Structures are given as C-alpha cells and as structure tokens.
Amino acid sequence: MVGLLLTLVGCADPAAEVSPQEAVRRLVRVSLDLRGVRPTEAEIEQVEADPAAIEALTAEFVTDERFFAHLVQLYQEIYLSETEGIDLRPSNVPYDDAKPYYWLVGQEPLQIVGQVAREDLPYTEVVTGDWTMAEEHLGETFPVEWPEGQTGWHKTRYTDGRPAVGVLAANGLWWRYTTTEANANRRRANALSRILVCHNYLDRPIVFAADIPLTDDAAVRDAISNDPTCVGCHSSLDPIASNLFGFYWSNFTSATEGLTYHEEKETMWGSLVGAHPGWAGREISGLSELGPAIAADPRFVPCAVSQAWSLMARRKVTPEDAATLETLTDDFVTGGLKLRTLYRDIALHPNVLGTDTENPEARLLRPDAIGTAVEQLTGFAWEVEGLPVLQSDVKGLRGLAGGVEGVLIKQPALRPSSTILLVMELLAAESSAYAVTTEQALPAAERRLFTGIDFTETPASDETAMREQMQSLYLRILSRRTEVDGPEVNALMELWSSLHDIDGDIPGAWRGVLDALFRDPTFLLY
Amino acid sequence: MRRGLPPISRRGLLGSALGAGAASMLAPPARASVSPAERKFIFVYAVGGWDPTRVFADGFDNPLVDMEDRAERASASGLDYIAYPERPAVSDFFERYASKTAVIQGLLVPSIAHEACFILSMTGSFSDSGSDWAAILGAAGGSNYVAPCLVLGGPSFPGVNLPSVVLSGSSGQLTTVAAGTTTWASANGQDLKVPARQRLDAYMSRRVQAFGSSLTDTSSTQVRDYMIAHQQAEGIKGLRHQLALSSIANLSDACDIAVTALQLGMSRTVMLCSPVTGLRDWDSHTSNDDLQNVMFTDLFENLLLLMFLLEATPGRSAPTLAEETTVVVFSEMGRTPWRNDAGGKDHWPHTSAMLVGSGIRGGVTVGGWDESWQGYPVDPATGEATESGVALGCASLGATLLTLGDVDPVPWVGDAAPLEAVIA
C-alpha cells in the first residue's frame with residue numbers, strides 16, 4: 001500500500017525534490033477537492049517542511065466532517081435530486097414556502113451516500129442499508145422514527161414497512177423521478193441504472209421504426225416485447241421498472257400517497273408493464289431483492305469508482321483511464337469498499353493532483369466549495385430564505401455559479417464564465433464586510449483573519465504590522481507566501497492607502513483588501 | 001446598495017401601440033437582407049410538450065385524432081393552421097406573420113421522457129454534455145457580445161460553449177449579481193461607497209491584467225477563459241441598468257428583455273421559455289383542451305408582442321431587429337392524437353416547430369402527418385413529403401438553424417441536411 005501511495009503521488013523516487021511551493025499547491029488541491037476549504041497555516045507549514053506529509057493529511061481530510069458534507073454536493077451531479085423543481089406536490093407540506101422542503105427532500109439520497117462515508121461503511125450500504133437520513137422537516141412529515149424536537153440530519157428508519165434497500169427506498173429519489181401510467185416506472189428504472197451501474201438507456205439512439213404504429217397500443221406492447229429495435233432496451237429495462245410499484249402514485253397532490261410505501265401496489269407490474277420484476281436478466285421477487293441484486297452486479301463497484309474518478313478529475317472517463325480505474329477498483333474492493341479510501345486514493349493520483357505534468361491545468365472551484373471556503377475563512381454563511389445561496393436555484397445562485405440544478409441544468413461548469421465571476425464578486429463584497437465588522441468586535445485571539453492588527457494602524461503608525469497582516473491574509477486566503485516588501489504586499493498596501501485616503505476609514509480599507517483577495521483569480525482557479 | 005436608472009421598458013416607451021389605432025405603425029418596412037453571420041435568434045421554448053393539433057396540425061380527417069369541437073381549418077399567406085374561437089391571438093398572428101413563417105410538421109424527437117426530449121430537441125443528441133442550438137449560435141458570435149447566449153429560462157445545455165452562455169437565473173438573479181446588490185452588507189450599512197468601489201475595481205482590473213499577462217503558449221485554457229469571462233462580466237455590469245431581469249413575471253416581460261438584449265448588442269441569441277417558471281405547464285395529461293388553450297393563447301399573444309417589439313426596434317445590421325432576427329418556437333415533444341380517460345393527452349414523439357422572421361421562407365409547411373400520426377419523410381430541398389425523403393428529426397432542425405446562423409452544421413449534427421425549403 002505504501003508503494004502504491006508513493007506511486008500515486010508521483011514519488012516513485014522518494015528522494016525526488018518537491019519545492020515548498022509545489023508541496024503547497026498539491027495541498028491546496030487536495031484540501032479543496034476533498035473538504036471544499038483551503039488548508040490552514042499549520043497544514044501549509046507541515047507540507048513545506050515535509051512534502052510527504054500530504055499523504056497523512058489527505059488521510060485526515062477524508063475523516064473530516066467537511067468531506068462528508070462536500071460528498072453530498074458532489075453526488076448531486078450524479079443523482080440530480082437536490083432541486084427545487086421536484087415533481088411531487090403533496091398538499092400537506094406544512095411550510096409556508098414549500099421550496100426549501102422539496103430541496104431537503106431531494107437531499108435524502110445524497111445524505112445517505114454521505115453517511116456511508118461518515119460511518120466508513122461498505123459502499124454496498126447505499127443499496128442495502130436498512131436506514132435512511134432525515135432532518136427535522138422530513139422527520140416530521142415522513143413515516144420515519146423521529147424524536148420530538150430533534151433537528152439536523154440524522155440516521156433514521158422508515159416505519160411503513162418498505163424494504164431495506166438504501167437509496168432505493170428513499171422518498172427523495174422517487175419524488176425527483178416520478179412516473180405516469182404510460183411510463184410505468186421506466187423513467188425510474190433508467191435513473192437507477194444510470195446512477196448505480198452507470199448504464200444510461202437514453203445514451204442509445206431510440207429508433208422509432210416507421211412500421212410500428214404508435215397509435216396502436218397492442219402493436220406498441222408487442223414491439224416492446226418482440227421488435228429488435230425495442231427489445232434491446234426494454235427486455236432489461238422493464239423488469240427493473242416492475243420492482244418499483246410500491247412507489248407508484250395516482251395522485252401527485254395526495255397528502256399521503258407520496259409519503260408512504262404502498263405494498264398493495266407492488267403487483268401492479270402485471271398490468272402496467274407485463275415483465276416480471278428482475279435485474280440484469282434474472283427474475284427477483286421485487287424491491288427487497290433489488291438492492292442486493294444491484295450490489296452483486298459486476299458493474300456496481302466499477303461504476304462507483306468511475307463516478308468518483310470523474311467527480312474528482314472533473315472530466316468524463318476516457319479509455320486512457322482504464323488501467324487507473326482497474327487499479328483503483330481492485331484497491332477499493334480489497335479495502336472493503338470504503339469511500340474514504342477511494343477518495344483519498346483518487347485525490348492523490350498524479351492525474352488528479354496534477355503531478356504527471358509540468359504545467360498542471362488549474363481547476364475551477366465548485367460552487368459549494370466557493371461557499372464553504374469563504375465561510376471557513378470569514379464565518380460568513382451565505383443564505384437566502386433558509387437555503388445556502390450556492391446550493392440552491394430559485395432564489396439562490398447555484399446555476400449562475402456553475403452548479404447543477406438537476407432538471408434544467410445537469411452539467412457543472414468546468415471553466416470560468418462571466419456569471420461565476422459576478423457571483424464571486426458579490427460574495428467577496430458580502431463576506432469581507434461581514435468579516436471586518438465581526439472581527440473588529442473580537443479580541444485578536446478569537447479572530448480568524450485579522451490576528452495581527454487592531455484596526456487602528458496606519459502606514460504612518462505601524463506599517464510593519466500592516467504588511468505582516470497582508471502577508472497573513474495572502475497565506476490564509478490564497479495559500480501563497482509573499483515577501484513582506486514584495487510586489488503582492490506592495491500592491492495591497494497601495495490599495496489600502498487609496499481606500500483610506502477617501503475618508504480615513506481604517507476598517508473600510510481593510511474590507512477592500514479582503515474583498516480584493518477573494519476576487520483574486522487564484523481564489524477561483526487552483 | 002448601488003442604485004441606477006430604472007431599466008428601460010420597451011413596452012412602456014411604446015405605450016399601448018398594439019391597439020387598433022396604431023395598426024398602421026405595424027406595417028413591416030421594406031425587407032432588407034442581413035447576412036447569416038449577423039442574424040440573431042430568439043428561442044421560445046414551450047416546456048412540457050405542446051399539442052400541435054391545437055394550432056399547427058390538421059387531424060380533422062383522421063379518426064385517431066381528437067380535434068377540438070369548434071376548431072376550424074384556416075389559412076393565411078398559403079400557410080395552413082388551426083383556428084379556434086377562444087384563441088384569436090393565433091389567427092391574429094398568422095394573419096399578420098404567415099408570410100414570414102414556416103412550420104415543420106411531424107418532427108421526430110425520439111423519446112417520450114421530458115428530460116431526454118429537452119436534450120434531444122435542443123442538441124440533436126442524447127448526450128447531456130452536448131451544446132444546444134442557442135449556445136452554438138451565440139458562441140459563433142464571438143467576442144462581439146458580452147452575453148452571446150442569454151438564457152432567460154428553460155433548459156440549457158451549453159456543453160463546450162459554456163463561456164458563451166449567460167444564465168439570468170429563475171428569479172432574474174443576474175441583475176442582482178451584476179449590480180452587486182448585497183444583503184448582509186446593505187442591511188448592516190457596510191456597502192462600499194462608490195469611490196471605494198471604483199478604486200477597488202481599478203485594482204482588480206490591474207490584478208486581472210497581470211494574471212492574464214502570465215499567459216504563454218502552454219498556459220491553461222482556464223486562464224484564457226478567465227480573461228474572457230472577466231471581460232464579459234465587466235460588460236454585463238455596464239449594461240445592468242438596462243435589463244430588468246429580476247422583474248420577469250411573465251412571458252411578456254421576457255420578450256421585452258430579449259429584444260432589449262439584442263438591441264443593446266449584448267447577445268446574439270436569447271432563450272425564453274413558456275411558462276417563464278420553466279415548469280412543465282404544457283404537460284396536459286389531464287384536461288388537455290383547457291390547459292393547451294390557456295397556454296397557446298398566452299404564447300401567441302406574446303409572439304404577437306415579440307414581433308411587434310422586433311419591428312419597432314432599430315436593428316444593428318438592418319433597419320429593424322425584425323429583419324435580422326429569427327424567432328424559433330418549439331417544444332420538447334408533442335401529445336398523443338387522442339385524449340385519455342382524464343381528458344388529457346400523453347406524450348408523443350412527433351411534434352411541430354415554427355420559424356419566423358429573418359431568413360425564413362414564409363408561407364411554407366415542411367412535413368406532415370401520416371395516418372398513424374407520425375411524421376412523413378420529406379425532401380429537405382423542397383419540403384415535399386416523399387417515401388425517399390429523410391425523417392424529420394431534431395438534427396434536421398438544428399442543421400437548419402445553424403445554417404441560418406452561418407455555422408457549419410456538420411461538426412454538430414453530422415450529415416443531417418438543413419431544410420432548404422424553409423430558408424429564404
């Protein structure tokens with residue numbers, strides 16, 4: 001394993017020189033990729049002294065609560081469920097503005113994945129776990145065990161007798177992927193296939209043969225079962241669909257239909273689909289066996305690995321990745337299918353870390369990581385109407401910041417765009433104002449950023465303290481060391497003075513410096 | 001909080017000139033030609049799947065098709081359509097604009113899943129990493145525009161053309177971010193004053209220029225894209241007072257803003273959706289007649305407004321925007337020819353599309369519907385139905401639009417032929 005790790009960090013020769021700057025670049029990448037926050041000064045000092053320390057730090061990062069929260073956002077790009085545009089509209093949702101409720105509902109399957117990592121459970125728990133995740137809004141409306149007064153996301157269990165099959169039993173998944181009588185759960189079946197075994201039926205062109213009259217129901221049913229242009233997909237798709245009728249609703253606004261599981265509807269496949277419940281060519285009894293069948297599918301584990309790789313490398317899998325994915329898959333299996341280990345290995349892989357080239361391509365900060373990175377540095381939690389601004393869409397800015405809304409926008413931005421920069425500019429304005437205002441009221445020892453000044457200094461009174469503070473800000477926000485009289489600090493001092501010259505407002509001048517650092521191109525590109 | 005001039009409302013400036021007394025103002029001026037490279041596009045997307053038999057598709061003689069009881073065949077400038085007493089806006093539109101309108105009938109979108117059909121109808125392929133027509137055409141406009149493809153609503157698949165796509169946000173959030181309208185800072189009296197903001201912005205310009213000057217031949221595309229994005233962002237900020245994005249309450253507002261964006265030279269393509277919420281209000285699985293009536297009425301009333309605004313607004317390459325803009329009206333799917341037990345109509349993979357304005361051969365219908373309510377193969381050159389013709393698919397629509405916009409369609413849609421029959 002040590003040898004593998006050394007190879008993964010591109011250090012086949014342990015004596016290979018890694019400059020302090022390069023060591024910090026790698027640390028920044030791993031920290032932002034895994035935790036969505038910049039490394040601390042202590043972590044930076046650690047790798048500057050010993051570049052190999054990045055391995056141990058990375059192992060710590062995947063035990064960090066921020067990693068689990070970041071995973072929830074990563075998997076939104078796969079599940080596409082955390083959306084305010086969810087289909088179901090039950091009439092008993094007890095909140096004035098139902099949109100945050102639907103957003104929370106859509107998080108349920110994502111939180112399950114996060115919890116699997118948090119508890120270091122084998123990945124198969126995603127489809128075999130006898131539990132789910134809920135927070136207070138869901139806990140008070142879903143048929144789950146929920147202690148009165150409990151708040152926040154917690155592990156819980158459904159009480160309506162639905163099978164123990166992880167995300168396959170999650171209301172949040174089926175509220176996102178609804179169905180109709182004509183569709184008969186096929187949409188949901190494809191969602192399962194795409195999410196869990198990386199097989200998207202819609203990737204194949206659908207040939208509507210001209211000799212199949214779509215107006216003739218009997219002819220269509222016959223074609224689905226017998227026509228070569230249809231059977232190729234439907235022979236495997238329809239049995240999957242047949243497993244899901246416990247979640248079949250006839251009324252999209254019913255107060256109860258969408259909340260509870262309907263065992264009495266499980267056999268509706270007979271009339272609506274016609275194919276016996278199954279998975280991958282094998283008949284099964286139904287949903288209770290679907291989870292284990294998926295977990296045993298030879299595609300399940302490689303799919304998990306390729307998804308993780310794609311999420312971290314920020315690109316689609318290519319044929320050139322085959323050998324890498326095979327190695328990662330072997331290690332994933334050997335290590336007990338632990339997401340923490342998988343993401344640690346991927347984060348340190350030369351291709352992801354950028355150590356396999358002299359000029360590694362910069363990476364664009366994800367929207368959720370923009371928010372968490374700024375919050376970690378300033379304490380500013382950017383919210384609108386109860387939702388994180390960078391994780392929501394109707395009033396939030398997720399889409400403008402390059403994020404995945406889930407229904408209308410399904411691909412993340414991988415390159416800078418004008419709206420991403422505008423969002424960053426707005427966040428810089430908000431967070432810098434917040435940081436300066438709150439830290440002025442705190443003793444230096446309790447501050448996050450302004451630990452070297454008292455907001456009374458001017459260049460005339462204590463330029464040294466100011467310059468050292470600028471250095472400190474540069475290190476904390478952009479993870480770069482600067483010279484106390486170098487060009488970066490000089491430029492910030494000039495900015496500070498130009499702002500101070502307007503009206504003598506010292507905190508205002510520091511606010512401008514902070515604003516400028518958050519707007520620096522290297523905050524977004526790392 | 002920054003304040004500026006109230007945004008210009010084109011409808012406000014023009015008052016109620018849509019009234020009868022102003023009819024003479026609406027006579028289209030002499031047609032001027034504009035090059036395809038200068039042509040602009042407004043896409044109006046009906047989200048949820050419209051029922052072509054309510055406006056475009058004649059199923060009166062087909063026993064499979066449930067037409068509305070009081071619907072009638074109508075025609076204007078050689079273009080056949082369906083008239084209905086409660087939808088006078090449809091007749092008004094065709095009476096006025098049929099000579100500039102082409103309709104594609106029996107267009108195949110090979111799926112009946114909404115999300116798959118969004119991608120197919122807008123990109124011609126199943127891959128959700130593909131680039132949609134509006135994004136491709138916008139990007140082709142290059143650095144001439146600060147928001148080459150402005151998306152006011154609806155699905156968006158920018159693909160490789162992401163740097164050219166500017167989302168307005170479902171609540172017009174682009175205005176807020178472009179204006180730098182803070183919430184916490186404003187509420188706590190901590191907004192930077194204008195002189196401070198100006199000096200900070202000047203510092204940032206120098207910083208970004210220094211960042212960009214580090215570009216070398218081997219520099220990353222991220223750096224190059226950052227520089228372009230910065231330039232565009234500054235351009236958007238400069239135009240923020242003239243776009244009332246946060247006040248888009250209905251399709252009329254969206255039309256107003258779309259025309260403004262073209263008139264300002266901000267965008268080459270604008271994407272609108274009906275309804276403006278982006279919800280699938282056209283998805284009439286129940287009460288098809290009532291719902292489609294409401295939606296088509298609203299749509300055509302706003303298409304009338306849109307055309308009026310285009311005709312009343314000076315163009316950048318022609319006397320009016322109407323002469324340099326093509327309006328593309330489509331939906332991700334059609335609906336079954338028959339009603340279901342709930343009086344609704346379900347998903348159908350064949351639909352219609354409408355093209356209006358610059359570059360369009362008016363009074364033309366391409367394609368048709370066979371006895372099983374599927375599209376005929378057609379000769380792309382003539383638009384005539386022929387057994388030896390090609391199936392009309394999304395790629396054909398895309399090839400047509402890209403050709404209209406001076407973009408080589410082959411890299412995007414392969415050998416799909418543009419429909420020459422609809423191109424003037």
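**Exercise 1. Find the neighbours of A:Asn190, then place the residue and say whether it is buried or exposed.**

*Step 1.* Leave out residues up to four places away in sequence, and A:Asn190 touches A:His199, A:Asn200, A:Tyr201, A:Leu202 and A:Leu237. Keep in mind that you're working with a predicted model.

*Step 2.* Now place the residue: A:Asn190 sits in helix H10 of chain A, which covers residues 186–197.

*Step 3.* Look for a polar partner. The side chain of A:Asn190 gets to the backbone nitrogen of A:Tyr201 at 2.7 Å, and A:Tyr201 is also on the contact list.

*Step 4.* Check accessibility. The relative accessible area of A:Asn190 is 9%, and the cut-off for buried is under 20%, so A:Asn190 is buried.

**Exercise 2. Work out where A:Asp297 lies and which side chain it joins in a polar contact.**

*Step 1.* Start with the location: A:Asp297 is in the chain A loop between helix H14 (287–296) and helix H15 (300–313).

*Step 2.* Its relative accessibility is 7%, so A:Asp297 counts as buried.

*Step 3.* List the contacts, skipping neighbours within four places in sequence: A:Val197, A:Trp279 and A:Ala280.

*Step 4.* Pick out the polar one. The side chains of A:Asp297 and A:Trp279 are joined by a polar contact of 2.7 Å.

**Exercise 3. Describe how H2(A) and H4(A) pack: what is the angle, and which residues make the contact?**

*Step 1.* Two numbers describe a packed pair of helices: the angle between the axes and the distance between them.

*Step 2.* For helix H2 (residues 20–35) and helix H4 (residues 53–61) of chain A, the axes cross at roughly 10 degrees and come within 10 Å.

*Step 3.* Angles under 35 degrees count as roughly parallel, so H2(A) and H4(A) are roughly parallel to each other.

*Step 4.* H2(A) brings A:Arg26, A:Leu27, A:Val30, A:Ser31, A:Leu34 and A:Arg35 to the contact, while H4(A) brings A:Ile54, A:Leu57, A:Thr58 and A:Phe61.

*Step 5.* Sort these by class and you get six nonpolar, two polar and two charged residues.

**Exercise 4. Do the same for H7(B) and H8(B), adding the handedness of the crossing.**

*Step 1.* Helix H7 (residues 194–212) and helix H8 (residues 221–239) of chain B pack at about 150 degrees, and their axes are 10 Å apart.

*Step 2.* An angle over 145 degrees counts as roughly antiparallel, so that is the label for H7(B) and H8(B).

*Step 3.* H7(B) passes H8(B) in a left-handed crossing.

*Step 4.* On the H7(B) side, B:Val208, B:Gln209, B:Phe211 and B:Gly212 make the contact; on the H8(B) side, B:Val223, B:Tyr226, B:Met227 and B:His230 do.

*Step 5.* The tally here is five nonpolar, three polar and no charged residues.

**Exercise 5. Which residues touch B:Leu192, and where is B:Leu192 found?**

*Step 1.* B:Leu192 lies in the chain B loop between helix H6 (184–187) and H7.

*Step 2.* At 17% relative accessibility, B:Leu192 counts as buried.

*Step 3.* Not counting residues up to four places away in sequence, B:Leu192 touches A:Gly508, A:Arg511 and A:Asp515 in chain A, plus B:Arg197 and B:Leu200 in chain B.

**Exercise 6. How many residues of H11(B) are buried, and what follows the helix?**

*Step 1.* Nine of the eleven residues in helix H11 (residues 394–404) of chain B are buried.

*Step 2.* Among them are B:Cys394, B:Leu397, B:Leu401 and B:Leu404.

*Step 3.* After H11(B) comes B:Asp406, with a positive phi near 65 degrees.

Definitions and conventions:
Residues are numbered from 1 along each chain as its sequence is written. Chains are lettered from A and ligands numbered from 1 in the order in which they are written. This is a predicted model: local features need pLDDT of at least 70, side-chain atom pairs count only at pLDDT 80 or more; totals for chains, interfaces and linings use all residues. Side-chain values use heavy atoms; hydrogens and water are left out. Axes are lines fitted to C-alpha atoms, for helices over the stretch in contact, and angles run from 0 to 180 degrees between N-to-C directions. Helices (H or I, at least four residues) and strands (E, at least two) are DSSP runs, numbered from the N terminus. Angles under 35 degrees count as roughly parallel, over 145 as roughly antiparallel, 65 to 115 as roughly perpendicular and the rest as oblique. A crossing is left-handed if the near helix is turned anticlockwise from the far one by less than a right angle, and right-handed if clockwise. Contact means heavy atoms within 4.5 Å. Ala, Val, Leu, Ile, Met, Phe, Trp, Tyr, Cys and Pro count as nonpolar, Asp, Glu, Lys and Arg as charged, and the others, Gly among them, as polar. Buried means under 20% relative accessible area, exposed over 50%, partly exposed in between (1.4 Å probe, protein chains only). A polar contact is a pair of N or O atoms within 3.5 Å; within protein, one must be able to donate a hydrogen and the other to accept it, and residues adjacent in sequence count only if both atoms are side-chain atoms.
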